[in-house]
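Reader: I'm new to looking at protein models. Could you walk me through how to read a few features?

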Amino acid sequence: MNASAPHRYERLADLITGMIEVGTLAPGERLPSLRNISEQHDISVSTALQAYRLLEDRGVLVARPQSGFYVSHARPGALALPSRSRPPAKAANVSIAGVVATLLEHAADTTLVPLGCAVPDSALLEAHRLDRALAHAARTNGTAYNVYSAPRGELRLRQEIAKRAMRWGHAVSPEDIVVTSGCTEALALALASLTEHGDTVAIESPTYFGLLHTLEVLGLKAFELPTDPTSGVDVAALERLLATETVAACVLSSSFNNPLGSTIPEAGKRQLLRLLETHAVPLIEDDIYGDIYFGRERPKPFIALEGGANTVYCSSFSKSLAPGYRVGWVMTGALMPRIVERKFGFSLTSAVLPQVALAEFLTSGGYDQHLRRIRRLFQDNLARMTSAIEASFPAGTRVSRPDGGFVLWVELPKRLDTRALFDDALEAGICFAPGDVFSASRRFRHCLRLSAGHVWNTSIDEGVRKLGALAQAALSR
Ligand SMILES: Cc1ncc(COP(=O)(O)O)c(C=O)c1O
């Protein structure tokens with residue numbers, strides 16, 4: 001069997017989930033007995049049991065002793081979605097560096113339950129294959145690779161990146177790609193090429209705290225746009241902003257915004273691009289989660305729509321393959337000379353060996369297989385985490401329902417302060433990301449982000465439930 005193809009129990013689990021989604025199986029309805037379903041699908045009873053158990057773990061089914069499996073009444077998704085954000089309609093200086101540094105320090109503490117940092121568990125990545133590719137390159141050609149790479153980075157890697165862009169509809173030359181030190185440097189290069197100190201940049205609210213940090217370092221102001229947990233930024237709000245203020249650039253996630261999980265539908269993306277073009281405002285997009293989608297198709301990034309001339313695309317392999325290799329890239333057209341100039345100024349070039357190893361891995365075809373596996377895993381993790389939240393967090397808690405990535409955004413009753421909860425959680429050995437680090441105006445004090453990037457185990461399950469209990473306790477104080 002193809003190692004990447006779903007197992008038979010996963011296929012059955014998907015089928016049952018689909019039947020529940022379209023209403024063929026209703027909440028509370030009993031599923032066929034294991035014997036019956038195994039006969040219907042020509043599978044063994046143990047395979048059927050595996051499917052039912054998987055759905056039980058996901059909170060889709062409940063098992064009743066001596067009776068069988070039933071469709072759960074409280075399926076994941078039963079909690080309401082977080083509210084659409086309503087940031088202040090004015091640009092603000094960003095001052096976030098201190099709190100981000102503290103969070104990162106705790107998130108790196110391996111003794112804590114790791115719900116704080118959005119990094120994929122190294123056990124889920126293709127570490128051995130990458131190790132081998134890196135070791136082979138060092139052994140056979142180490143001296144030759146101990147040089148400054150070509151200005152834009154290793155050609156073979158850029159060719160592989162260009163081939164992947166071609167798949168989602170963007171024809172690009174390797175000359176229009178610069179390899180960077182992660183997506184962080186890609187975003188910094190794009191911003192430094194398009195803005196001046198003091199300029200205003202339009203962003204999502206909430207947004208990734210690393211972006212806020214970069215805005216702060218570059219002396220840029222943030223204008224936070226209202227953002228819906230499903231459909232992303234409010235295009236009408238952007239239109240109002242552009243009609244009244246000078247905006248140097250707009251920075252948006254291509255899909256699965258961190259932390260909210262939102263994705264602007266394709267029609268909205270096109271509308272937004274036309275609007276930005278009318279006002280001659282460039283778009284910088286961050287597509288770091290794009291490959292980790294749960295639906296049938298990868299959402300198209302902005303650069304693949306409306307010609308892409310006004311767009312600077314940033315991404316990296318940090319969420320899907322190798323956070324420690326620090327390999328990302330920026331892709332754009334006319335702005336390229338400015339980007340290359342700044343790359344020289346920031347870091348000259350990126351290290352060669354990690355690029356060679358990644359190019360080797362991508363050429364071997366292993367990446368797609370790996371992606372199929374981690375997509376299923378992260379989707380599963382998010383479902384388990386949602387179930388644990390449903391079972392343990394205070395009434396009125398809302399949770400995001402992302403179609404990709406591996407983080408959840410949790411909105412608690414307004415009275416709760418997730419800064420205080422953060423301290424309680426650290427004492428209990430749990431790390432999470434408090435909501436206010438995701439906003440330039442330090443909003444979202446009653447929200448938090450949980451990462452589900454680690455292999456699911458009892459410690460993580462119990463950590464989420466314990467956090468729910470701490471939130472309940474804080475509420476009743
Ligand atoms: C949305 C987003 N962009 C960029 C980054 C940073 O990426 P890199 O590690 O490749 O610099 C992260 C990491 O958490 C992220 O979530």
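Author: Sure, and let's begin with a rule for helix pairs: an angle under 35 degrees between two axes counts as roughly parallel, while one that is neither roughly parallel, roughly antiparallel nor roughly perpendicular counts as oblique. Keep in mind that this is a predicted model.

Reader: Okay, so how do people describe two packed helices?

Author: By the angle between their axes and the distance between the axes. Take helix α13 (residues 366–392) and helix α15 (residues 458–475): their axes cross at roughly 30° and come within 9 Å. With the cut-off at 35 degrees, α13 and α15 are therefore roughly parallel to each other. Their crossing is right-handed.

Reader: Which residues of α13 and α15 meet?

Author: From α13 you get M385, A388, I389, A391 and S392, and they meet D461, V464, R465, G468, A469 and Q472 of α15. Sort the residues of that contact by kind and you have 6 nonpolar, 3 polar and 2 charged.

Reader: Let me try another pair. At what angle do α7 and α8 pack?

Author: Helix α7 (residues 182–194) packs against helix α8 (residues 209–217) at about 40°, and the axes are 10 Å apart. That makes this pair oblique, because about 40° is not under 35 degrees. The crossing of α7 and α8 is right-handed. On the α7 side the contact is made by T184, A188 and L191, and on the α8 side by L211, T214 and L215. That contact has 4 nonpolar and 2 polar residues, with no charged ones.

Reader: What about empty space? How is it found?

Author: You roll a probe the size of a water molecule over the atoms, and that shows where empty space is left. Here, a search of the whole structure turns up 1 cavity of 30 Å³ or more. The largest cavity has a volume of about 40 Å³. Its lining includes F256, N257, N258 and G261, along with Y289 and P402. The lining of the largest cavity splits into 5 nonpolar and 5 polar residues, and no charged ones.

Reader: And how much space lies in the second largest pocket?

Author: About 580 Å³. The second largest pocket has 33 lining residues, and T184, Y208, G210, I288 and K319 lie nearest its centre. You've met T184 already, in the contact of α7 with α8.

Reader: Which element gives the largest share of that pocket's lining?

Author: That's α8, with 5 residues. Elements that each supply at least two lining residues are α4 (97–107), α7, α8 and β9 (249–253). By kind, the lining of the second largest pocket has 17 nonpolar, 11 polar and 5 charged residues.

Reader: Last topic: the backbone. What do most peptide bonds and phi values look like?

Author: Most peptide bonds are trans, and most residues other than glycine have a negative phi. Now look for the exceptions. The bond from S205 to P206 is cis, with omega near 5°, and P206 sits in the loop between β6 (200–205) and α8. Another cis bond runs from N258 to P259, with omega near 20°. You'll find P259 in the loop between β9 and α10 (266–278), and its partner N258 is one of the residues lining the largest cavity.

Reader: Where is D42 found, and what is its phi?

Author: D42 is in the loop between α2 (34–41) and α3 (45–57). Its phi is positive, about 55°, although D42 is not a glycine.

Conventions: Residues numbered from 1 in each chain as written. Predicted model: local features only at pLDDT ≥ 70, side-chain atom pairs only at ≥ 80, totals over all residues. Heavy atoms only, no water. Axes fitted to C-alpha atoms, helices over the stretch in contact; angles between N-to-C directions. Helix = DSSP H or I, 4+ residues; strand = E, 2+ residues; numbered from the N terminus. Parallel < 35°, antiparallel > 145°, perpendicular 65-115°, else oblique. Left-handed = near helix turned anticlockwise from the far one by under 90°. Contact = heavy atoms within 4.5 Å. Nonpolar A, V, L, I, M, F, W, Y, C, P; charged D, E, K, R; others polar. 1 Å grid on protein atoms, 1.4 Å probe; cavity = no way out; pocket = protein on both sides within 12 Å on 5 of 7 lines; lining within 4 Å. Points joined across faces, edges and corners; volume = space filled by probe spheres on them.
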